[in-house]
Amino acid sequence: MLVIDDTEILTLITKGTDPNKGYRLLVSKYKEKLYYHIRRMVSSHDDADDILQNTFLKVIRNIDSFQAQSSLYTWLYRIATNETLNFIKSSKNKTSESLDQTQVLRMGSSDLPTDGDIIIHKLNQAINLLPEKQKLVFNLRYYDEMSYQDMADVTETSVGALKASFHHAVKKIEEFIKDNHE
Amino acid sequence: MSDDNISVQDELGQISPLLTGLSKDTQVEVPKDYFSTVEDQILSQLQLPKAKNIIEPAPEGYLENLEDEIIKKVADKGNGTKQSHNIFKLFIGAAVAACLGVFLISRFSVGDTQVNDTEVTYEAIDYFDAYPQDIEDINVNQLIDNGILAEEDISFVIEEDNLQMENIDPIFHSDAPF
């Protein structure tokens, strides 16, 4: 798959050479990464889909205000993160299906869960027990393998605070898995 | 700081070897073909701004004449404002002049009245000093001589008295006992 440079996408959009092509390339390049980033936070596909679409619409409609002080990649993640956190905040009182419940359903459809499945299930349970912002930090670092500097751009938090948060999150998860391992 | 660029695997190796060995598969279910259709779904929503172009074009010559129209309106408005300012100034001037006029008139007229009043008062004092305090002692002829009373005034009073006497009910004014 051809990986297109962010600068090239921005040129197509902002210089007006072919904005529609630029939008398509932008969505195509980041849709999966952002979808999973969102989905790890909200668990329901429909919610993640709504947030993802809103994120891209917001990005495209405000792309003129994007300043190259940060990378397009971290800007996209920041908007997706804010959209997700706003959604979680607004639907705090609503009962939503959690990631571990999805996992249980999925495991139930297969014959027998493997040890790997059980540990991943425990990992997801542990992640869901983390406070929202700690969960966000853990996901960005663990799943998206983002550098601390990029995480600082996304979350507008200091690198030191992010390191400490990730460290605490890892320790909590490890403890949970050990305590709940049969 | 070199720690900032450390890979996640290396960092996890230092703080939690348990997590280092785990699969990173999120294992969430995503509807089939979702990622191939979501792109069109998003981009179809971006067609909305294009709808603005469907708006009927402006009447012929509208845009060409627009700047002249605006300049004319601005100029008219400016004149209107100037006129209203002038009227306002005129009104204020007239009000000030009227106040000043009233003040001056009242000032001078009050002064005259006071002088006249004083003179009248002095005259009155002179007159009354010249006559006795008891009204019964006043000599009518003296009053006529000094021009305070005219003979016609007295005759009128006499005539009036006579007239009144004629209208008096003779029974009730009779001294005769009932």
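1. Start with Asp33(B), which counts as exposed because just 8 C-beta neighbours sit inside 10 Å, where 12 or fewer is the cut-off for that label. Bear in mind that this is a predicted model. Asp33(B) falls in the loop of chain B that runs between helix 2 (17-20) and helix 3 (34-45). Its phi is worth a look too: near 65 degrees, so a positive value in a residue other than glycine.

2. Glu145(A) is another one to check. Its phi is positive, about 50 degrees, although Glu145(A) is not a glycine. You'll find Glu145(A) in the loop between helix 7 (132-142) and helix 8 (148-155) of chain A. Is Glu145(A) buried or exposed? Glu145(A) has 12 C-beta neighbours inside 10 Å, so it counts as exposed; the label covers residues with 12 or fewer.

3. On to helix 7 of chain A, which comes before the loop that holds Glu145(A). The buried residues of helix 7 of chain A are Leu136(A), Val137(A), Phe138(A), Asn139(A), Leu140(A), Arg141(A) and Tyr142(A). Note that Asn139(A) and Arg141(A) are on that list.

4. What do those buried residues of helix 7 of chain A pack against? Within chain A, the partners are helix 2 (19-42), helix 4 (72-90), helix 6 (115-129), helix 8 and helix 9 (159-180). Helix 1 (8-15) of chain B is a partner as well, so when you look at this packing, keep both chains on screen.

5. Now the overall picture for chain A. Its secondary structure is made of nine helices and zero strands, giving the pattern α-α-α-α-α-α-α-α-α along the sequence. Chain A has 182 residues, and 34% of them count as buried. Take the contacts in chain A between residues at least 6 apart in sequence: 62% of these join residues at least 24 apart.

6. Last, the pairing of helix 1 (residues 6-14) and helix 2 of chain A. Their axes come within 7 Å and cross at roughly 145 degrees, and the crossing is left-handed. On the helix 1 side of chain A, the contact is made by Ile9(A), Leu12(A) and Ile13(A). Helix 2 of chain A brings Pro19(A), Lys21(A), Gly22(A), Tyr23(A), Leu25(A) and Leu26(A). By residue type, this contact of helix 1 with helix 2 of chain A splits into seven nonpolar, one polar and one charged.

Notes
Residues are numbered from 1 along each chain as its sequence is written. Chains are lettered from A and ligands numbered from 1 in the order in which they are written. This is a predicted model: local features need pLDDT of at least 70, side-chain atom pairs count only at pLDDT 80 or more; totals for chains, interfaces and linings use all residues. Helices (H or I, at least four residues) and strands (E, at least two) are DSSP runs, numbered from the N terminus. A residue is buried if 20 or more other C-beta atoms lie within 10 Å of its own, exposed if 12 or fewer, and partly exposed in between; C-beta atoms are placed from the backbone. Two residues are in contact if their C-beta atoms, placed from the backbone, lie within 7 Å. Axes are lines fitted to C-alpha atoms, for helices over the stretch in contact, and angles run from 0 to 180 degrees between N-to-C directions. A crossing is left-handed if the near helix is turned anticlockwise from the far one by less than a right angle, and right-handed if clockwise. Ala, Val, Leu, Ile, Met, Phe, Trp, Tyr, Cys and Pro count as nonpolar, Asp, Glu, Lys and Arg as charged, and the others, Gly among them, as polar.
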